[in-house]
Amino acid sequence: LPSAKASESLSLSLQAKMSRPVQARRLEGIDKNIWVEFVKLAATYSTVNLGQGFPDFPPPDFLKEAFVRALSGENHMLHQYTRAFGHPPLVKMLAQFFGKLLGRDLDPMTNVMVTVGAYQALFCCFQAFVDEGDEVIIIEPFFDCYEPMVKMAGGMPVFVPLRPKAPKDGKLMSSADWQLDPAELASKFSERTKVIVLNSPNNPLGKVFSRGELELIADLCVKHDILCISDEVYEWLVYDGKEHIRIASLRGMWDRTVIIGSAGKTFSATGWKVGWTVGPNRLLQHLRTVHQNSVYHCATVAQEAVAQGFQRELDLYGKPESYFIQLPKLLQQKRDWLVQSLDAVGMKPIVPEGTYFLVADISQFKSDVPDVAGSDEPYDSRFAKWMVKNKGLAAIPLSAFYCGAHKNNYDHFIRFCFAKEEATLKAANDILQKWK
């Protein structure tokens, strides 16, 4: 039998267990993540994964060779820390390259900051600019991290949807058919509005915002004196002769815009996690404060290789052998192939103007996955889970890119990634053909 002293010690030990909540309030309601759930499902069940947005083909040879040179060369300092806000060769190249695109003389030390992927760039922006109670306008559908990042900063997301308009003459719908209502957008701006988030080309729709649409947004930003976080990670992936217009180039917008870019999407190397922000020093100085007090630093070798990749692209700018010209041509062919494959079996595609992604209407497949009475899970989510488990084909439900109140308004679409090898797309087509 334990002694009285031992019993007292055990009692005190039990009492010492914490009973009060340990998590910060900012984590409440944002603990679930669509990618954690669907990546696990895809790994468990899928034979063909068209869900998560990454290529299954390699980066270009010149980029891999640059990485090998940086890794195995004589400059051993490339294995050590570099400048916290960006490896000097990389920020110099980014300043030169984006200065050319924007028609501005950019200072590499103050107008550019390198981040651990575009994801960290977004986090820095929300933490740097959003205070408790600030409203942040988010255009739906939106890349899913925008909403929780705004909430973590204490902000209030305000959502405005792109509304689809049926095309004429029985044509396939295009991402251009999803448009903002100007009056509805204007109604979302108030004295509490601090930021609007723009994502063009848009994930998940593949919409490339037109000059007219961007001018509408820009005019409202200037009128209400608010900031714009412009997520442009798919800037080079535009199709059918469309033009990616940078909102920072419009009148009154440079001084209030942070541009976000990604080497992962630009050079088909998503695992390298090299991103950047470009903007005026009055904004970037606050991003640097967040950056230096969070991750501090991005991998030196990867930054060196990306710098060399941009040097090559600057030398070849506008020429046929430029990767920035070759990659969208390749991806447009893959897009067209998947559009035809989906259309042939009745899963109606929305033809994207840009990005890796294609959204398809699954209405004609609803008989395969009946509704569940009383379920609060959006239909497309249940459909996507059923499809990966029973057909081995992984995709992402479009409702994942909407706020909770709007998820069921757009629950008959799923998103496919077509940035895949020909064999992967063919395997997806085989599944679809056998299915219908």
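**Exercise 1. Which residue in S7 is the bridge partner of Ile138?**

Solution. This is a predicted model, in which local features need pLDDT of at least 70, side-chain atom pairs count only at pLDDT 80 or more, and totals for chains, interfaces and linings use all residues. Residues are numbered from 1 along each chain as its sequence is written, and side-chain values use heavy atoms, with hydrogens and water left out.

Step 1. Helices (H or I, at least four residues) and strands (E, at least two) are DSSP runs, numbered from the N terminus. Two strands pair if DSSP finds at least two bridges between them.

Step 2. S3 and S7 are joined by four bridges in the parallel sense.

Step 3. The partner of Ile138 in S7 is Val197.

**Exercise 2. Describe the sheet that holds S7, and a helix that packs on this sheet.**

Solution. Step 1. Strands of a sheet pair through backbone hydrogen bonds, either parallel or antiparallel.

Step 2. The order of the strands is S2-S10-S9-S8-S7-S3-S4, an open sheet of seven strands with mixed pairing. Strand S2 (112-115) and strand S4 (156-161) are the edge strands, each pairing on one side only. From one strand to the next, the twist averages 20°.

Step 3. Strand S7 (residues 193-199) and strand S8 (residues 227-231) run parallel and are joined by five bridges. Opposite Leu198 stands Ser230 in S8.

Step 4. Helix H4 (residues 88-102) packs on the sheet and touches S2, strand S9 (257-262) and strand S10 (275-278). The direction of H4 makes about 125° with that of S2. Axes here are lines fitted to C-alpha atoms, for helices over the stretch in contact, and angles run from 0 to 180 degrees between N-to-C directions. Contact means heavy atoms within 4.5 Å.

Step 5. Buried means under 20% relative accessible area, exposed over 50%, and partly exposed in between (1.4 Å probe, protein chains only). Six of the seven residues of S7 are buried, so S7 is largely enclosed by the rest of the structure.

**Exercise 3. Check the length of helix H8 and find where its buried residues lie.**

Solution. Step 1. The expected span of a helix is 1.5 Å times one less than its number of residues. Helix H8 (residues 211-224) has 14 residues and should span 20 Å; its end C-alpha atoms are 20 Å apart, which agrees.

Step 2. Glu213, Leu214, Ile217, Ala218, Leu220 and Cys221 are the buried residues of H8. Seen down the axis of H8, they fall within an arc of 160°, so they line one face of the helix. The arc is that of the directions from the helix axis to the C-beta atoms.

Step 3. The cover over these buried residues includes strand S3 (135-140), strand S6 (178-179), helix H7 (182-187), S7 and S8.

Step 4. Asp225 follows H8 and has a positive phi, near 55°.

**Exercise 4. Repeat the check for helix H14.**

Solution. Step 1. Helix H14 (residues 422-435) has 14 residues and reaches 20 Å from its first C-alpha to its last, close to the 20 Å expected at 1.5 Å a residue.

Step 2. Its buried residues are Thr424, Leu425, Ala428, Asn429, Ile431, Leu432 and Trp435. Seen down the axis of H14, these lie within an arc of 160°, so they line one face of the helix. On the other side of H14, the residues Glu422, Ala423 and Lys434 are exposed.

Step 3. Among the elements that cover the buried residues of H14 are strand S1 (48-49), helix H12 (323-344), helix H13 (379-390) and strand S13 (393-394).

**Exercise 5. Find cis peptide bonds and positive phi values in the loops.**

Solution. Step 1. Most residues other than glycine have a negative phi, and most peptide bonds are trans.

Step 2. Glu140 and Pro141 are joined by a cis peptide bond, with omega about -5°. Pro141 lies in the loop between S3 and helix H6 (146-152). The bond from Asn203 to Pro204 is cis, with omega near 25°, and Pro204 lies in the loop between S7 and H8.

Step 3. Asp169, in the loop between strand S5 (163-164) and S6, is not a glycine but has a positive phi of about 60°. Asp169 is exposed, with a relative accessible area of 73%.

Step 4. Asp240 lies in the loop between S8 and S9 and has a positive phi near 60°. Asp240 is partly exposed, at a relative accessible area of 46%.
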